[in-house]
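Here is a friendly walk through a protein model, written for someone who likes to know which side chains meet which. Please have the sequence and the 3D view open as you read.

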Amino acid sequence: MPHSEHLSKQYDSDLEDIRSRVLQMGGLVEAQILAAIECFGSGNYDLMAQVTDTDRRVNSYEIEIDDACAHVIAKRQPAAGDLRLIMAVSKIVTDLERTGDEAEKIARMARQIHDRGRLQTPRSADVSQAGLLAVALLRRVLDALARLDAAEAERIIAEDVTIDDAFRGIVRQLVTYMMEDPRTISTALDIIWIAKAIERIGDHTKNVAEQVIYIVRGTDVRHTVREGHAEPDGAE
């Protein structure tokens with residue numbers, strides 16, 4: 001009996017360690033996005049390099065957590081809620097890693113903009129604001145994961161549309177600006193790519209929220225079309 005109790009406590013500890021590492025990875029990605037947005041606004045080259053370095057650490061987290069999940073499956077053969085947690089974590093870390101890739105892309109586009117000598121373009125403030133909104137949603141979904149709060153995850157999914165709307169508005173304005181002043185085309189296109197990266201960060205955050213709901217309720221809500229909001233083509 002003591003041996004069985006010891007194994008049970010070790011199993012719980014293994015699962016908690018996995019969840020803790022996912023939250024650490026999420027916090028790292030959150031900091032990476034904030035740094036990338038700062039790069040866009042300030043042109044800080046040291047910070048751009050830091051974003052790239054952080055991306056390598058995020059990638060390492062993904063590998064370590066996947067290995068830990070595989071170890072638990074092989075050794076513990078989890079079932080029911082524990083198996084849902086492991087399956088969801090495997091998907092969550094993929095979305096977090098891809099979010100880090102988008103942050104690295106923002107920093108890379110910011111470098112191109114500042115390398116050519118930044119031109120004054122409209123919507124720059126709006127892009128930064130959309131980025132901060134995406135960060136806020138990511139922070140909330142990580143908190144929802146920590147607390148296993150499915151209701152908050154549902155709210156986050158519904159609010160992703162605000163980032164989609166911001167992206168479409170930025171693109172419309174920048175297209176108009178390029179038509180009026182063709183000299184700004186290269187910079188404006190880079191800014192559109194940054195806005196698209198932010199929109200994708202929102203999509204990945206929504207994916208994480210869906211996995212939180214799956215962990216808590218055992219319900220797969222992916223690809224569900226919510227009232228008044230159709231899924232965009234290519235959304236993951």
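The report below starts with the overall fold and then moves to individual helices and side-chain pairs.

## Overall picture

This is a predicted model. The secondary structure of the protein comes to six helices and zero strands, so that the order of elements from the N terminus reads α-α-α-α-α-α. Of its 236 residues, 47% count as buried.

The accessible surface of the protein amounts to about 11,500 Å², and carbon and sulfur atoms account for 52% of that area. Contacts often bridge long stretches of sequence: among those between residues at least 6 apart, 84% join residues at least 24 apart.

## Helices H2 and H3

Helix H2 covers residues 45-76. Its 32 residues reach 47 Å from the first C-alpha to the last, close to the 46 Å expected at 1.5 Å a residue. At the start of H2, a side-chain oxygen of Asn-44 comes to within 3.0 Å of the backbone nitrogen of Asp-46. Just after H2, Gln-77 has a positive phi of about 50 degrees.

Helix H3 spans residues 80-115 and has 36 residues. From first C-alpha to last, H3 reaches 53 Å, close to the expected 52 Å. Gly-117 follows H3, and its phi is positive too, near 90 degrees.

## Salt bridges between helices

Side chains of opposite charge can pair when their charged atoms come close. A search of the whole structure finds 19 salt bridges. One of them joins the side chains of Arg-76 and Asp-14, at 3.4 Å from N to O. This pair links distant parts of the chain, with Arg-76 in helix H2 and Asp-14 in helix H1 (residues 2-42), 62 residues apart. Is this pair buried or exposed? Both Arg-76 and Asp-14 are buried.

Another salt bridge brings together the side chains of Arg-140 and Glu-159, at 2.7 Å from N to O. This pair also links distant parts of the chain: Arg-140 sits in helix H4 (residues 124-147) and Glu-159 in helix H5 (residues 150-180), 19 residues apart. Arg-140 has a relative accessibility of 24% and therefore counts as partly exposed, since the partly exposed class runs between 20% and 50%. Glu-159, with a relative accessible area of 29%, is partly exposed as well. These two residues belong to a network of salt bridges that links Arg-140, Glu-152, Arg-155 and Glu-159.

## A salt bridge within one helix

Arg-56 and Asp-53 also form a salt bridge, and their closest N and O atoms are 2.5 Å apart. Both residues lie in helix H2, three residues apart, which is about one turn of the helix.

How accessible are the two partners, Arg-56 and Asp-53? Arg-56 counts as exposed because its relative accessible area is 51%, and the exposed class begins over 50%. Asp-53 has a relative accessible area of 42%, so this residue is partly exposed.

## Two acidic residues of H3

Glu-102 lies in helix H3. Which class does a relative accessible area of 10% give Glu-102? Glu-102 is buried, because its value of 10% falls under the 20% cut-off. Leaving aside neighbours within four places in sequence, Glu-102 is in contact with Ala-197, Arg-200 and Ile-201.

Asp-115 is in helix H3 too. Its relative accessible area is 49%, so Asp-115 is partly exposed. The side chain of Asp-115 makes a polar contact of 2.6 Å with the side chain of Tyr-45. Asp-115 and Tyr-45 are 70 residues apart in sequence, while their C-alpha atoms are 9.9 Å apart in space.

## A nonpolar patch on the surface

Which residues form a nonpolar patch on the surface? They are Ile-185, Leu-189 and Trp-193, and together they have about 290 Å² of accessible area. Trp-193 is placed in helix H6, which runs over residues 185-217.

Key. Residues numbered from 1 in each chain as written. Predicted model: local features only at pLDDT ≥ 70, side-chain atom pairs only at ≥ 80, totals over all residues. Heavy atoms only, no water. Patch = residues over 30% accessible without salt bridge, like charges linked within 9 Å, V, L, I, M, F, W, Y side chains within 5 Å. Areas by Shrake-Rupley, 256 points an atom, 1.4 Å probe, with all protein chains shown as cover. Salt bridge = Lys/Arg side-chain N within 4 Å of Asp/Glu carboxyl O. Helix = DSSP H or I, 4+ residues; strand = E, 2+ residues; numbered from the N terminus. Expected span 1.5 Å × (residues − 1). Buried < 20%, exposed > 50% of the residue type's maximum accessible area, 1.4 Å probe, protein only. Contact = heavy atoms within 4.5 Å. Polar contact = N/O pair within 3.5 Å; in protein donor to acceptor, adjacent residues only side chain to side chain.
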